Amino acid sequence: LALGIGANAAVFGVVKSVLLDALPYGDADRLVRVYGRFLDGSSERGPLSAGTVSDIAGRQRSFSSVAAFAGYVSDAVFGGDGGPSVARLAWVQPNLFRTLGVTAVLGRTFADDDIPSDTARVVVLAHGVWQRLFAGDSGIVGRDIRINGIPRTVIGVPPPALLPRARG
């Protein structure tokens, strides 16, 4: 009986978080995620190339905004006063926050001119990273930090529930 109740609760928890809970964005019912399909049939939900995203943004007439993000996160080494720490990072286009209707709780999010062609020199710290690695220091905005050995300037911190919890 206990195993049955536990399994049932676990399944309901997953179904609730994945299918029933609304996304934590303004106008979440108007958001659309576009996937690519591999021609060899190996994946029906693959990533889009930068060129494809650019083509969609340039040709579409139905969306008020188009923004790309990497559908995965990776580990990064944050250098700091207390020594190096590992945290997760994700690549996003500058207008992703505007597209999702998300504003920063501290500082600001990206502007279109924040990202040069070679590599970003400014970062928006995830709320959890800001809390864990920088103890919620409100003076973090404008401070230089090192990520994977590259100096970057912190420009903002988004709300805690910016992205749904990654699965897998």
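Which are the buried residues of helix α4, residues 127–134? I should like to begin there, and I note at the outset that what we have before us is a predicted model.

The buried residues of helix α4 are His 127, Val 129, Trp 130 and Phe 134. They cover an arc of only 165° around the axis, and therefore they sit on the same side of α4. As general background, an α-helix has 3.6 residues a turn, so residues three or four places apart point the same way. As for what that side of the helix meets, the buried residues of α4 pack against strands β1 (74–79), β2 (85–89), β3, β5 (144–147) and β6 (150–157).

Let me now place this helix in the whole chain. The secondary structure comprises 4 helices and 6 strands. Following the sequence from its start, one reads the pattern α-α-β-β-α-β-β-α-β-β. The chain has 168 residues, of which 24% are buried. Its exposed surface comes to about 11,500 Å², with carbon and sulfur atoms supplying 56% of that area. If we take the contacts between residues at least 6 apart in sequence, 54% of them join residues at least 24 apart.

I turn next to the loops that follow α4. Just after the helix, Ala 135 takes a positive phi of about 50°. This alanine belongs to the loop between α4 and β5. Its relative accessibility is 67%, and because the cut-off for an exposed residue is over 50%, Ala 135 counts as exposed. Further along, Asn 148 offers a second case of a positive phi in a residue other than glycine, with a value near 55°. Asn 148 is found in the loop between β5 and β6. With 45% relative accessibility, this asparagine counts as partly exposed.

My next topic is aromatic contacts. How many aromatic pairs does the structure hold? There is 1. The partners are Phe 97 and Phe 110, whose ring centres are 5.8 Å apart and whose planes stand at 50°, so the pair is classed as tilted. Phe 97 lies in helix α3, residues 96–100, while Phe 110 lies in the loop between β3 (106–107) and β4 (122–124); the pair therefore ties together parts that are 13 residues apart in sequence. Is Phe 97 buried or exposed? Phe 97 is buried, and Phe 110 is buried as well.

Finally, I come to the surface. Val 32, Val 34 and Phe 63 form a nonpolar patch there, and together they have about 260 Å² of accessible area. Val 32 is placed in the loop between α1 (2–20) and α2 (50–59), and Val 34 also has its place in the loop between α1 and α2. Val 32 counts as exposed, at 58% relative accessibility. Val 34 is partly exposed, with a relative accessible area of 41%.

Val 34 also has partners further along the sequence. Leaving aside residues up to four places away in sequence, Val 34 touches Leu 48 and Ile 56. In addition, the C-alpha atoms of Val 34 and Val 53 are separated by 9.4 Å, although these residues are 19 apart along the chain.

To close, I return to the opening question: His 127, Val 129, Trp 130 and Phe 134 are the buried residues of α4, and the strands they pack against are β1, β2, β3, β5 and β6. Thank you for your attention.

Note on methods
Residues numbered from 1 in each chain as written. Predicted model: local features only at pLDDT ≥ 70, side-chain atom pairs only at ≥ 80, totals over all residues. Heavy atoms only, no water. Phe/Tyr/Trp six-rings, centres within 6.5 Å; stacked < 30°, edge-to-face > 60°. Helix = DSSP H or I, 4+ residues; strand = E, 2+ residues; numbered from the N terminus. Buried < 20%, exposed > 50% of the residue type's maximum accessible area, 1.4 Å probe, protein only. Patch = residues over 30% accessible without salt bridge, like charges linked within 9 Å, V, L, I, M, F, W, Y side chains within 5 Å. Areas by Shrake-Rupley, 256 points an atom, 1.4 Å probe, with all protein chains shown as cover. Salt bridge = Lys/Arg side-chain N within 4 Å of Asp/Glu carboxyl O. Contact = heavy atoms within 4.5 Å. Arc of directions from axis to C-beta.
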